[in-house]
Amino acid sequence: MKLKTIVMTSLIALSANMASASSAIDHLSTKSIKQTLTPTQIETALNQWKEHELARMEERAQLISDRAPIEARREMVKNQIEQEYNQAAKLLGL
């Protein structure tokens, strides 16, 4: 359970800081995850993160300017989640 918490925290931090993923801390976090977990464990954690973020899609869509229709905001959030997932998967060697 503790390992799952560490992985999820790291993935959330990576997703929040994806633009600066080349920083030393992000690099060390990524390296540590790759050395500690199997690819299957990493994939499971990423999938759980993605499911959690998709469950929060409405909440995230509401935070975007209401000038755009809600359907467009939902689609934008979904695309952003997919992009973050793909970037994290690539960064973690999946």
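The largest nonpolar core of this protein has 13 residues, and those with the most contacts inside it are Ile33, Ile42, Leu46 and Leu92. Two elements, helix H3 (39-55) and helix H5 (70-91), give two or more residues to this core. The largest share, six residues, comes from H5. The model behind this description is predicted, and every value here is computed from it.

The overall layout comes next. The protein has five helices and zero strands, and along the sequence the pattern reads α-α-α-α-α. Of the 94 residues, 31% are buried. Among the contacts with a separation of 6 or more, 62% are between residues 24 or more positions apart. The accessible surface of the protein is about 6200 Å², and carbon and sulfur atoms account for 56% of that surface.

The charged side chains can be followed from one residue in helix H4. This helix covers residues 57-62, and Arg60 is found in it. Is Arg60 buried or exposed? Arg60 counts as buried because its relative accessibility is 13%, and the limit for buried is under 20%. Leaving aside residues up to four places away in sequence, Arg60 touches Glu53, Val77, Gln80, Ile81 and Glu84.

One of these neighbours is also a salt-bridge partner. The side chains of Glu84 and Arg60 meet in a salt bridge, with a distance of 3.8 Å from N to O. Glu84 lies in helix H5 and Arg60 in helix H4, so this pair ties together parts that are 24 residues apart in sequence. Both Glu84 and Arg60 are buried. The pair also belongs to a wider set: salt bridges that share partners join Glu53, Arg56, Glu59, Arg60 and Glu84 into one network.

Within that network, Glu59 forms a salt bridge with Arg56, and the closest N and O atoms are 3.5 Å apart. Glu59 has a relative accessible area of 46%, so Glu59 is partly exposed. Arg56 also counts as partly exposed, because its relative accessibility is 25%. Whereas Glu84 and Arg60 are both buried, Glu59 is partly exposed at 46% and Arg56 is partly exposed at 25%.

A further salt bridge joins the side chains of Arg74 and Glu58, at 2.7 Å from N to O. This pair links distant parts of the chain, since Arg74 is in helix H5 and Glu58 is in helix H4, 16 residues apart. Arg74 counts as partly exposed because its relative accessibility is 30%. Glu58 has a relative accessible area of 35% and is therefore partly exposed. How many salt bridges does the count come to? The count comes to six salt bridges, among them the pair of Glu84 and Arg60, the pair of Glu59 and Arg56 and the pair of Arg74 and Glu58.

Aromatic rings are the last topic. The count of aromatic pairs comes to zero. A ring does take part in another kind of arrangement: the charged end of Lys50 sits over the ring of Tyr85, 4.6 Å from the centre of that ring.

Taken together, the picture has two parts. Helix H3 and helix H5 each give two or more residues to the largest nonpolar core. Helix H5 is also joined to helix H4 by the salt bridge of Glu84 and Arg60 and by the salt bridge of Arg74 and Glu58.

Technical notes
Residues numbered from 1 in each chain as written. Predicted model: local features only at pLDDT ≥ 70, side-chain atom pairs only at ≥ 80, totals over all residues. Heavy atoms only, no water. Phe/Tyr/Trp six-rings, centres within 6.5 Å; stacked < 30°, edge-to-face > 60°. Lys NZ or Arg CZ within 6 Å of the ring centre and 35° of its normal. Helix = DSSP H or I, 4+ residues; strand = E, 2+ residues; numbered from the N terminus. Buried < 20%, exposed > 50% of the residue type's maximum accessible area, 1.4 Å probe, protein only. Contact = heavy atoms within 4.5 Å. Areas by Shrake-Rupley, 256 points an atom, 1.4 Å probe, with all protein chains shown as cover. Core = buried A, V, L, I, M, F, W, Y, C linked by side-chain atoms within 4.5 Å. Salt bridge = Lys/Arg side-chain N within 4 Å of Asp/Glu carboxyl O.
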